[in-house]
Number of protein chains: 2
Amino acid sequence: MSDKTARPENSPDHLHGHSETSACCQFMRPVMDQIRHNPGADIIRYGRRVPNVLALGTGETDTPTPEFITRPVADALTAGHTFYGPILGRTDLRQTIAEYYKSIYGVNLSLDRVIVTASGTSAIHLSLTSILEKGDEVVAILPLWKNLLGAIRLAQAETHGVDLHLSADGKEWTLDLNEVFAAVTPKTRAIVINTPNNPTGWVMQEDDMRAIMDFARSRGLWVVSDEVYGRLVYGEKRAPSFLDVAKPDDKLFIVNSFSKNWAMTGWRLGWLIAPAAAEQRIYDLVLYDNMGPPNFLQFGAIAALKDGEHFLEEQKTRFRANRDIVCAALSGIKGMHYAAPQSSFYVFFKMDGEPDCMAFAKRLIDDHALGLAPGCSFGRNYEGFMRLCYAVSEPLLRDALDRLGAALR
Amino acid sequence: MSDKTARPENSPDHLHGHSETSACCQFMRPVMDQIRHNPGADIIRYGRRVPNVLALGTGETDTPTPEFITRPVADALTAGHTFYGPILGRTDLRQTIAEYYKSIYGVNLSLDRVIVTASGTSAIHLSLTSILEKGDEVVAILPLWKNLLGAIRLAQAETHGVDLHLSADGKEWTLDLNEVFAAVTPKTRAIVINTPNNPTGWVMQEDDMRAIMDFARSRGLWVVSDEVYGRLVYGEKRAPSFLDVAKPDDKLFIVNSFSKNWAMTGWRLGWLIAPAAAEQRIYDLVLYDNMGPPNFLQFGAIAALKDGEHFLEEQKTRFRANRDIVCAALSGIKGMHYAAPQSSFYVFFKMDGEPDCMAFAKRLIDDHALGLAPGCSFGRNYEGFMRLCYAVSEPLLRDALDRLGAALR
């Protein structure tokens, strides 16, 4: 957590690792040079060169989408639902998402607040693109998935990161709200939060959410809350949501996705909860961005929300057992620092003597055929960290932990 | 074609129909106010209020995707191809697109020039977003689908339109290349062309393409060529393509889509041909935009390209017969002006005494339950025009033409 400077988190020189201007600037627009180099993506591609690499660097389970979700898509194809669908998603899916929030979160959402998007990433991109202008600032709680940091940069805004702190006993990640408030300047346009957090498993609690929402409201700021892991919290039905503390017309975007809960990563379907006043604006934006999500895929998404609770519980049970296996293994390694994750399916760890995550990640691939995600993907202060996704079958996970142990011996 | 001014084609006041600043500018970023109001989309929604409206305002056939394309998707779902796919598309699909260009166009494309996108609109958005900066200018040949004009505006660039001309005998649309070259200023960054053209069916010929490519190369400009209707040209296997006249490293984006050729509008799959030097940049951009196209859908796209020629020929035969039915009907209406389309599945017509396309479009819906697209969607000089999509079954088309005839009686 040292070496914190006043440089924006997603400044070009940080993202580049160099500051010279390349020849690309005549080729494409300047910001294209500023979004280069995604260390996580680089390592995934580095790993693909190695046959049979055990890839736990990507955030997905090894379970294919279950049949109760795929069958409605095959049926919809047979029934000819292959024409243009509504720009903001099928009404039946928007209705189902609203019912899901009523059932699981106890929140009433009018349909004009519910937007289906072509991936959770698209929901992030659309929300940020609708509010951020060149020169705007964003306060973001770190560590944060690099693709969110990159999406802010693509919108030509600067990220001022506020780091979570790993407690002295190494048992939990904590946030100092005063650091969040202090990072806001007159140029700040939005506070970006991912809770439950990828990669730490940290979960923001309702009191902190209320404090942030109240602060944002008083300053006219947007809150963008990525709640993709909101159901993958251990021992609870769901994590707190900003919807618990917000008014319907608050400047609040909730980003969500079908990917993680229901093993639907390859589907590229997500959703956005927005104030009703944003609906028409997002509609305009989607017209010129991607013209909306695929039509017949949405029948699978409806099945996931309506009939997916049992599957989700099974997944959580498996992830929790895997979490315990991972923690047992890591606690046996001297010099290992991590907090047992309370949610998601990642462990974010720091190993004494391994300060350079990129070098460590490459060594794991080259010498042990093990792919993990480098911590520098999540913010500049996490170069000593690595992320392991444990959403895989137990034998695979035990194999990976053996390889990691061997690398650290 | 009159009333041409120096105002940019996609200036906010043109798009708004008004120039006052609305309260939204504190709510979202300023450009969100500038992309408002899409007359084509407005009319489609206006039509949805009317039960059983005969909707020929949307650009799609009434044929569902054929079974030889849908079956591979159902099979891929069963086989568990539900995980994250490659950001720029599956290698097997990229390979198939390259083979398709070799087979149909006689053009050799290296795989690093072929990018699969989550819709043709996404291909447009990604190409424009990668090159256009606020204040840049684009020269665009009009009429042009509003979603392309809006995508340019979303990129904060200004469109300088160059109109096609309807010949004095009303038989064909023509382009004066000198008008294109004269519209270029030091701020111009790209020339945007849709050929074959939606809505006129005009097809740019190879000599004109060569002249534009040579000019663009000499000025360092990009050419963005939307060739989505490239196969739907009557009496030819395919229309000329900018790939016929370009060098591999020219600043050229070709936008294409599976939607129109193979009745796959609801799939949201397209592709982009780019110079190899752009591949990594588009990859970076897609990471922060939508993380790439759905995985298992691409098996259907492979089938469309490999086994879709017979279906495409059938569709073209039907469209051509429909074209002749439309032209026969229109030629019987006094005061009607149109050129018989050489490609695509639209007729773009102008009726004496109907100068206001929005009023006419609403009257057709309200009084005759017929939905057509208003000409003002395609540029400011087309307010007297309407677009009819004739890619539907013959009885439906004859019914629509009867309704149109009744409205004009």
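Two strands pair if DSSP finds at least two bridges between them. Strands (E, at least two residues) and helices (H or I, at least four residues) are DSSP runs, numbered from the N terminus. This is a predicted model: local features need pLDDT of at least 70, side-chain atom pairs count only at pLDDT 80 or more, and totals for chains, interfaces and linings use all residues. Residues are numbered from 1 along each chain as its sequence is written, with chains lettered from A and ligands numbered from 1 in the order in which they are written.

**View 1. An open sheet of seven strands in chain B.** The strand order is S2-S10-S9-S8-S7-S3-S4, and the pairing is mixed. Strand S2 (114–117) and strand S4 (158–163) of chain B are the edges, each pairing on one side only. From one strand to the next the twist averages 20°. Here axes are lines fitted to C-alpha atoms, for helices over the stretch in contact, and angles run from 0 to 180 degrees between N-to-C directions. Strand S3 (residues 137–142) of chain B runs parallel to S4(B), joined to it by six bridges. Across from Val139(B) in S4(B) stands His160(B). Helix H8 (residues 146–154) of chain B packs on this sheet. H8 touches S3, S4, strand S7 (188–194) and strand S8 (222–226) of chain B, and its direction makes about 165° with that of S7(B).

**View 2. The two-fold axis relating chains A and B.** A turn of 180° and a shift of 0.0 Å along the axis lay chain B on chain A with an RMSD of 0.0 Å. That is the relation of a two-fold axis. In chain B, Ala74(B) has the C-alpha nearest the axis, 2.6 Å from it. The superposition is by least squares on the C-alpha atoms of residues with pLDDT of at least 70 in both copies.

**View 3. The contact between chains A and B.** Chain B gives 56 residues and chain A gives 56 residues. Two residues are in contact if their C-beta atoms, placed from the backbone, lie within 7 Å. Helix H3 (30–34), helix H5 (67–78), helix H7 (120–131), H8 and helix H11 (279–289) of chain B each supply at least two residues of the side that touches chain A. H11(B) provides the largest share, six residues. By type, the side of chain B that touches chain A divides into 29 nonpolar, 19 polar and eight charged residues. Ala, Val, Leu, Ile, Met, Phe, Trp, Tyr, Cys and Pro count as nonpolar, Asp, Glu, Lys and Arg as charged, and the others, Gly among them, as polar.

**View 4. Val223 in the largest nonpolar core.** The core holds 272 residues, and Val223(A) and Val223(B) touch the most other members. Such a core is a set of buried Ala, Val, Leu, Ile, Met, Phe, Trp, Tyr and Cys residues joined through C-beta atoms within 7 Å. A residue is buried if 20 or more other C-beta atoms, placed from the backbone, lie within 10 Å of its own, exposed if 12 or fewer, and partly exposed in between. Leaving aside neighbours within four places in sequence, the contacts of Val223(B) include Ala190(B), Ile191(B), Ile193(B), Phe242(B) and Leu252(B).

**View 5. Strand S8 (residues 222–226) of chain A, largely enclosed.** Five of its five residues are buried, so S8(A) is largely enclosed by the rest of the structure. Trp222(A), Val224(A) and Asp226(A) point one way, while Val223(A) and Ser225(A) point the other way. S8(A) pairs with strand S7 (residues 188–194) of chain A in the parallel sense, over five bridges. Ile193(A) has Ser225(A) as its bridge partner.

**View 6. Strand S15 (residues 385–389) of chain A and its partners.** Five of the five residues of S15(A) are buried. Phe385(A), Arg387(A) and Cys389(A) lie on one side, with Met386(A) and Leu388(A) on the other. Strand S12 (residues 346–351) of chain A runs antiparallel to S15(A) over five bridges, with Phe348(A) partnered by Arg387(A). Strand S14 (residues 373–374) of chain A is also antiparallel to S15(A), through two bridges. There, Pro374(A) is partnered by Met386(A).

**View 7. Backbone details at Pro143(A) and Asn52(A).** Most residues other than glycine have a negative phi, and most peptide bonds are trans. The bond from Leu142(A) to Pro143(A) is cis, with omega near 0°. Pro143(A) sits in the loop between strand S3 (137–142) and helix H8 (146–154) of chain A. Asn52(A) has a positive phi, near 60°. Its place is the loop between helix H4 (39–48) and strand S1 (54–55) of chain A. Asn52(A) is exposed, with 6 other C-beta atoms within 10 Å.
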